[in-house]
Amino acid sequence: MLDQIFSSPFNIGVETLFLLIVLVAMEAVLSADNAIALATLTRTLQHPMLERRALNIGLGLAYVCRILLIIGAAWIVQFWQFELAGALYLLWLVWRYFITEQSDGSKLTQTRSLWQIIPLIALTDLAFSLDSVTTAIALSQELWLIILGGTIGVIALRYRCCLTALFFVHPIDRFQADSSHRPCYSQG
């Protein structure tokens, strides 16, 4: 009985704890852009309670999607054809970025409902988590460790979104509202 406990698939040692710290730190760094995107998405609700609810439900769905992505990616990396297709896709994205014209970004954001924002949060998190999932799978072969690192990362992302909205997105909104009422002075 004791030998089954000590031969657990959860190999917990100093190396595993160090790898978990690296995975969580990597998740924190790579999810900075994700926090900004999610905070910007939720601000269209224009009510703090709705913003919190959208983040909670949306990130819950995003967590399920991320776990499925981790499991799928762990399976896919066994086949070199998928790796080649992924590399070609990334090269195509870079090529497309440099040959297409960039928009001026002057589109006005429209107010969306809570149930329109929630799937957007889940899909946005899924899109932005591709880099961290790929890196995590390259760092570790232990699926449970990658999922634990992703879990801690999603929890940290939830609170990072609130801080990002508080310190970055809302002040920018206030600045834009203040500057839209100020007269423009030409320098001549």
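1. A word on terms before we start: helices here are DSSP runs of H or I with at least four residues, strands are runs of E with at least two, and both are numbered from the N terminus. On that footing, the protein chain reads α-α-α-α-α-α-α-α along its sequence. That comes to eight helices and zero strands. Please keep in mind that this is a predicted model.

2. Some overall figures may help you get your bearings. The protein chain has 188 residues, and 28% of them count as buried. Its accessible surface comes to about 13,200 Å², with 68% of that belonging to carbon and sulfur atoms. Among contacts between residues at least 6 apart in sequence, 89% join residues at least 24 apart.

3. Helix α4 is a good place to begin looking. This helix has 29 residues and reaches 40 Å from its first C-alpha to its last, close to the 42 Å expected at 1.5 Å a residue. Its buried residues are Glu51, Ala54, Leu55, Gly58, Leu59, Ala62, Arg66, Ile67, Ile70 and Ala73. As you look down that list, it is handy to recall that an α-helix has 3.6 residues a turn, so residues three or four places apart point the same way.

4. Now to the interior. The largest nonpolar core has 14 residues, and those with the most contacts inside it are Leu38, Ala54, Leu59 and Ile121. Two or more residues come from each of α3 (32-43), α4 (48-76) and α6 (114-128). The most come from α6, which gives five residues to this core. Apart from this core lies another one, of 11 residues, including Leu19, Ala73, Ile137 and Ile146.

5. Leu59 deserves a look of its own. Its contacts, leaving aside neighbours within four places in sequence, are Leu38, Ala54, Ile121, Asp125, Val154, Leu157 and Arg158. Leu38, Ala54 and Ile121 are listed with Leu59 among the residues with the most contacts inside the largest nonpolar core.

6. Where are the salt bridges? The count comes to two. In one, the side chains of Glu27 and Arg66 meet at 2.4 Å, N to O. This pair links distant parts of the chain, with Glu27 in helix α2 (residues 14-30) and Arg66 in helix α4, 39 residues apart. In the other, the side chains of Asp125 and Arg66 meet at 2.8 Å, N to O. Here too distant parts of the chain are linked: Asp125 is in helix α6 and Arg66 in helix α4, 59 residues apart. Glu27, Arg66 and Asp125 are thus linked in a network of salt bridges.

7. Are these three charged residues buried or exposed? Glu27 counts as buried because its relative accessibility is 5%, and the cut-off for buried is under 20%. Arg66 counts as buried at 2%. Asp125 also counts as buried, at 0% relative accessibility.

8. Ser129 belongs in the picture around Arg66. You will find Ser129 in the loop between α6 and α7 (130-139). At 1% relative accessibility, Ser129 counts as buried. Setting aside its neighbours within four places in sequence, Ser129 is in contact with Arg66 and Leu69.

9. On the outside, there is a nonpolar patch to note. Tyr89, Leu90, Trp92, Val94, Trp95, Tyr97, Phe98 and Ile99 form this patch on the surface, and together they have about 950 Å² of accessible area. One of them, Tyr89, lies in helix α5 (residues 80-99). Tyr89 counts as partly exposed because its relative accessibility is 46%, and that class runs between the 20% limit for buried and the 50% limit for exposed.

10. Two further residues are worth a click in your viewer. Pro119 lies in helix α6 and counts as partly exposed, at 39% relative accessibility. Its C-alpha is separated by 8.6 Å from that of Ala62, with the two residues 57 apart along the chain. Val22 lies in helix α2 and is partly exposed, with a relative accessible area of 28%. The C-alpha atoms of Val22 and Leu139 are separated by 9.1 Å, although these residues are 117 apart along the chain.

Definitions and conventions: Residues are numbered from 1 along each chain as its sequence is written. This is a predicted model: local features need pLDDT of at least 70, side-chain atom pairs count only at pLDDT 80 or more; totals for chains, interfaces and linings use all residues. Side-chain values use heavy atoms; hydrogens and water are left out. Patches are made of residues with over 30% relative accessible area and no salt bridge: like charges are joined within 9 Å, nonpolar side chains (Val, Leu, Ile, Met, Phe, Trp, Tyr) within 5 Å. Accessible areas come from the Shrake-Rupley method with a 1.4 Å probe; for residues, only the protein chains shown count as cover. A salt bridge is a side-chain nitrogen of Lys or Arg within 4 Å of a carboxyl oxygen of Asp or Glu. Buried means under 20% relative accessible area, exposed over 50%, partly exposed in between (1.4 Å probe, protein chains only). A nonpolar core is a set of buried Ala, Val, Leu, Ile, Met, Phe, Trp, Tyr and Cys residues joined through side-chain atoms within 4.5 Å. Contact means heavy atoms within 4.5 Å. The expected span of a helix is 1.5 Å times one less than its number of residues.
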